[in-house]
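Hello, and thanks for sharing this one. Here are some notes to read with the structure open beside you.

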Amino acid sequence: MIDKLDSYANVDMVLKKVREGNIVIAKIKELKESNLDELKQAIAKMKTACANFDGDIAGVGDEWIIITPRTARIHREEAAV
């Protein structure tokens with residue numbers, strides 16, 4: 001699912017979709033430009049929730065994050081040394 005995280009209030013809605021088994025790709029550009037502190041709080045809350053329900057979360061570029069339920073994982077490539 002594609003969603004938009006434009007305020008801290010949207011975090012619970014996004015997490016509900018993930019708990020229901022959906023992979024959510026959320027746009028964070030507007031929140032990042034308007035309120036960076038609120039974005040940091042939102043990401044921290046989502047990281048904690050992902051840890052609690054064994055999900056996964058990762059940033060994609062500067063504008064998107066992906067949040068997955070326990071049934072999916074985000075592949076991270078090892079950085080070249």
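The points below go from a helix pair to the core and then to single residues.

1. **Before you start.** Please keep in mind that this is a predicted model.

2. **A pair of helices.** Begin with helix α1 (residues 11-19) and helix α3 (residues 36-52), which pack at an angle of about 25°. Their axes are 10 Å apart. Angles under 35 degrees count as roughly parallel, so α1 and α3 are roughly parallel to each other. The crossing of these two helices is right-handed.

3. **Who meets whom.** On the α1 side, the residues to click on are Val-11, Asp-12, Val-14, Leu-15 and Arg-19. They meet Ala-42, Lys-45, Met-46 and Ala-49 in α3. Sorted by type, the residues of this contact are 6 nonpolar, 3 charged and no polar.

4. **The nonpolar core.** The largest nonpolar core has 19 residues. Which of them touch the most other members? They are Leu-5, Met-46, Ile-65 and Ile-67. Two or more residues each come from α1, β2 (24-27), α3 and β4 (64-68), and α3 gives the most, with 6 residues. Met-46 is worth a second look, as it also appears in the contact of α3 with α1.

5. **Leu-5 up close.** Setting aside residues up to four places away in sequence, Leu-5 touches Asn-10, Val-11, Val-14, Ala-26, Lys-27, Ile-28, Leu-31, Ala-42, Met-46 and Ile-65. Among these partners, you can find Val-11 and Val-14 again in α1, and Ala-42 and Met-46 in α3.

6. **Ile-66, far along the chain.** Ile-66 sits in strand β4. In sequence, Ile-66 and Ile-2 are 64 residues apart, yet their C-alpha atoms are 9.4 Å apart in space. Not counting neighbours within four places in sequence, Ile-66 is in contact with Ile-23, Val-24, Ile-25, Asp-56, Ile-57, Ala-58, Val-60 and Ile-74.

7. **Asp-3: buried or exposed?** Asp-3 belongs to strand β1 (residues 2-4). Its relative accessible area is 13%. Buried means under 20%, so Asp-3 is buried. Beyond its neighbours within four places in sequence, Asp-3 is in contact with Met-13, Val-14, Lys-17, Val-24, Ile-25, Ala-26, Lys-27 and Trp-64.

8. **Asp-54, in a loop.** For another Asp, go to the loop between α3 and β3 (56-60), where you will find Asp-54. Asp-54 has a relative accessible area of 41% and is partly exposed. Check its backbone too: Asp-54 has a positive phi of about 60°, although it is not a glycine.

Note on methods: Residues are numbered from 1 along each chain as its sequence is written. This is a predicted model: local features need pLDDT of at least 70, side-chain atom pairs count only at pLDDT 80 or more; totals for chains, interfaces and linings use all residues. Side-chain values use heavy atoms; hydrogens and water are left out. Axes are lines fitted to C-alpha atoms, for helices over the stretch in contact, and angles run from 0 to 180 degrees between N-to-C directions. Helices (H or I, at least four residues) and strands (E, at least two) are DSSP runs, numbered from the N terminus. Angles under 35 degrees count as roughly parallel, over 145 as roughly antiparallel, 65 to 115 as roughly perpendicular and the rest as oblique. A crossing is left-handed if the near helix is turned anticlockwise from the far one by less than a right angle, and right-handed if clockwise. Contact means heavy atoms within 4.5 Å. Ala, Val, Leu, Ile, Met, Phe, Trp, Tyr, Cys and Pro count as nonpolar, Asp, Glu, Lys and Arg as charged, and the others, Gly among them, as polar. A nonpolar core is a set of buried Ala, Val, Leu, Ile, Met, Phe, Trp, Tyr and Cys residues joined through side-chain atoms within 4.5 Å. Buried means under 20% relative accessible area, exposed over 50%, partly exposed in between (1.4 Å probe, protein chains only).
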